[in-house]
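Q: Please take a close look at one part of this model, a pocket, and then set it beside the nonpolar packing elsewhere in the chain.

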Amino acid sequence: MAHAPRPPDPARLAARPLAGRRIAVTRAHEQAGDLTRELEALGAEVVAAPTIRIAPLADLAALRAALTRVPPYDWIVFTSQNAVQVMCDRLPEWELAPRDVARAAVAAIGPATAEALVRHGVVPDLVPDRFVAEAVVAGLGALVDVIPVYETIRETGDGRKLAAEILAGTIDVVTFTSSSTVRGFVELVGGPVAVSGRFTAAVIGPVTAGTARELGITVPIEAQDYTVPGLVDAIVRHFTEDG
């Protein structure tokens, strides 16, 4: 005799609001851990789909010169965890220490970048309210030297499996944490799949959202706080408040 399905337990749904959702994470593999863990803790099944990878530039002479400049810069602004990691990996080789970085006042774009600095012994003097580079420049008002320290490289893997899953409707959400992940995704799965509307795009902030829209991707989910926790919160709100 068949039995009617048991109704979902409200407490369980509240604790795991993303249960049953399959979410693709396009972030670089080495950066995806925090987003993956937060989504899985809320019940989601995460599909690893890195579309980019991060590589330090071969020539970092400009960075070394910036850190040893006489007189030092008034401010050094770090725009990502990647920049922090590249710098800190090179400090021993250059016989420098975190205190050498702190000769200047230090600004970090976003709490994740600030936390990366603190882990390496540098306490930032400024973390702006809005986690975009323009907010830092506006907050400081200064002449700025831009010093690239890493490059974003497109992953060249086979995107046919991910594309097939999207077209089959088995991917609920694709997350984007930078403009480069959006562009890498379009290249990986192909333009027609990227704009098919068969998934919900979730982006970390307005710059990423702008890139997605420019490439024809509708953006129903945009984080209010431009951080990984903010992105996760936006996804949860979408599925719990909007159904």
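What is the volume of the second largest pocket?

A: In this predicted model, the second largest pocket has a volume of about 350 Å³. Its lining comprises 18 residues, and Glu-30, Gln-31, Gln-81, Asn-82 and Gln-85 are the closest to the pocket centre. Four elements each give two or more residues to this lining: helix H2 (33–41), strand E3 (52–56), helix H4 (81–90) and helix H6 (111–119). Of these, H4 gives the most, with 6 residues. By class, the lining of the pocket is split into 6 nonpolar, 6 polar and 6 charged residues.

Next, the nonpolar cores. In soluble globular proteins, nonpolar side chains tend to be buried together. The largest nonpolar core here has 23 residues, and those with the most contacts inside it are Leu-162, Phe-176, Phe-185, Val-189, Phe-199 and Ile-217. At least two residues of this core come from each of helix H8 (160–167), strand E7 (173–176), helix H9 (179–189), helix H10 (191–194), strand E8 (200–203) and helix H11 (206–214). H9 gives the most to this core, with 5 residues.

Phe-185 can serve as an example. Leaving out residues up to four places away in sequence, Phe-185 touches Leu-162, Ile-166, Val-174, Phe-176, Ala-194, Phe-199 and Ile-217, and also Thr-26, Thr-51 and Gly-190. A second core, separate from the largest one, has 22 residues, among them Ala-83, Met-87, Trp-94 and Leu-117.

Methods
Residues are numbered from 1 along each chain as its sequence is written. This is a predicted model: local features need pLDDT of at least 70, side-chain atom pairs count only at pLDDT 80 or more; totals for chains, interfaces and linings use all residues. Side-chain values use heavy atoms; hydrogens and water are left out. A nonpolar core is a set of buried Ala, Val, Leu, Ile, Met, Phe, Trp, Tyr and Cys residues joined through side-chain atoms within 4.5 Å. Buried means under 20% relative accessible area, exposed over 50%, partly exposed in between (1.4 Å probe, protein chains only). Contact means heavy atoms within 4.5 Å. On a 1 Å grid over the protein atoms alone, a cavity is a set of points where a 1.4 Å probe fits but cannot get out, and a pocket is an open set with protein on both sides within 12 Å along at least five of seven lines; lining residues have an atom within 4 Å of a point. Grid points are joined across faces, edges and corners, and a volume is the space filled by probe spheres set on the points. Ala, Val, Leu, Ile, Met, Phe, Trp, Tyr, Cys and Pro count as nonpolar, Asp, Glu, Lys and Arg as charged, and the others, Gly among them, as polar.
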